[in-house]
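Hi there,

Here is the structure I promised to pass on to you. Please open it beside this email while you read.

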Amino acid sequence: MSTALPHTYAIGIEPADIDFMGHVNNANYLKWVQAAVIDHWQRLAPAEAVAGHLWVALKHEITYRKPAFLDDDVIATVLLEKVQGARAFYETIIKRGEDVLAEVKSSWCCLDAETLRPSRLANSVVEHFFPKTDPKD
C-alpha cells in the first residue's frame with residue numbers, strides 16, 4: 001500500500017492581498033494553492049521531470065471557512081490524492097494555527113514543457129509522491 005505524504009508550504013501575506021473589508025481577498029487563496037502545489041512538485045519530483053513538465057490547473061473547488069489577515073501565520077498543507085493519466089488530484093488545507101481558513105479540492109493537468117500538450121507521468125516519477133509503506137504497519 002502507498003500513501004502520499006502531506007507537504008507544507010508557508011504563505012506570506014502581503015499588504016496588496018488585503019481587500020476593502022480588511023482581510024485577504026478570496027482570489028489570493030487560489031494563488032496560494034497554485035504556489036503550494038507547484039512547490040510540492042518541484043521538491044519531490046526528480047530534476048529532469050521538473051524540467052520537462054509543467055502543470056496547469058483545470059478545476060478548483062474552494063470552501064472558505066474563516067478570513068485571513070495581514071499579520072497571520074498561514075500554512076497550506078497539500079496532499080496529492082491520486083495521479084490518473086496526465087491529471088493529478090489534490091486537496092489543500094489552508095490554516096492559521098489550528099483554524100482552517102479554506103479547504104480546496106483541485107485537479108491539474110501535466111503538460112510536456114516543449115510541446116505544451118498533456119503528458120502522462122512515468123510511474124517512476126509518480127512513485128516519488130507515494131512512498132511505499134509496509135502493509136504490516
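Below are some notes on its salt bridges and its cavity.

This is a predicted model, in which local features need pLDDT of at least 70 and side-chain atom pairs count only at pLDDT 80 or more, while totals for chains, interfaces and linings use all residues. Residues are numbered from 1 along each chain as its sequence is written, and side-chain values use heavy atoms, with hydrogens and water left out.

Salt bridges come first. The whole structure has 7 of them (a side-chain nitrogen of Lys or Arg within 4 Å of a carboxyl oxygen of Asp or Glu). In one, lysine 31 pairs with aspartate 17, with the closest N and O atoms 3.2 Å apart. Lysine 31 sits in helix α1 (residues 27-44) and aspartate 17 in the loop between β1 (7-11) and α1, so the pair ties together parts 14 residues apart in sequence. (Helices, H or I, at least four residues, and strands, E, at least two, are DSSP runs numbered from the N terminus.)

Is each partner buried or exposed? Aspartate 17 is buried, at 4% relative accessible area, whereas lysine 31 is partly exposed, at 47% (buried is under 20%, exposed over 50%, partly exposed in between, with a 1.4 Å probe and protein chains only).

Aspartate 99 forms salt bridges with lysine 66 (3.3 Å) and with arginine 96 (3.7 Å). Lys66, Asp72, Arg96 and Asp99 are linked in a network.

Happy exploring!
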